[in-house]
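Colleague: Could you take a close look at one part of this model for me, the aromatic pairing, and set it in the context of the whole chain?

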Amino acid sequence: MTNFVNYISEAFQELKSNVTWPEWAEVQRLTIIVALFSVIFALLTYGVDQLFVKALEGFYNLLR
């Protein structure tokens with residue numbers, strides 16, 4: 001158990017001293033970019049899905 005506590009303690013120490021954290025403005029800017037990209041990607045995925053639905057409906061209507 002001591003090894004585990006040591007590991008956690010050293011991990012927190014490394015996060016404090018060795019990690020370069022971004023500025024708050026950069027975090028906000030990148031978060032907005034990721035959110036916008038996610039929305040655009042979701043809309044594109046929805047559009048492709050709807051295109052396939054229409055194509056399959058048309059195909060099955062031809063078979064009837």
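**Aromatic pairing in context**

Modeller: Buried residues, meaning those under 20% relative accessible area (over 50% is exposed, in between is partly exposed; 1.4 Å probe, protein chains only), make up 0% of the 64 residues here. Keep in mind that this is a predicted model, where local features need pLDDT of at least 70, side-chain atom pairs count only at pLDDT 80 or more, and totals for chains, interfaces and linings use all residues. Numbering starts from 1 along each chain as its sequence is written, and side-chain values use heavy atoms, with hydrogens and water left out.

The protein has 2 helices and 0 strands, both read as DSSP runs (helices H or I, at least four residues; strands E, at least two) and numbered from the N terminus. Its radius of gyration, taken over C-alpha atoms, is 25 Å, well over the 11 Å from the globule rule (2.2 Å times the number of residues to the power 0.38), so the protein is more spread out than a compact globule.

Now your part: there are 2 aromatic pairs, which needs ring centres of Phe, Tyr or Trp (its six-membered ring) within 6.5 Å. One of them, Phe37 with Phe41, is stacked, at 6.1 Å centre to centre and 20 degrees between the planes; stacked means under 30 degrees, edge-to-face over 60, and tilted the rest. Why do Phe37 and Phe41 sit about one helical turn apart? Because they are 4 residues apart in helix α2 (residues 24-63). Both Phe37 and Phe41 are exposed.
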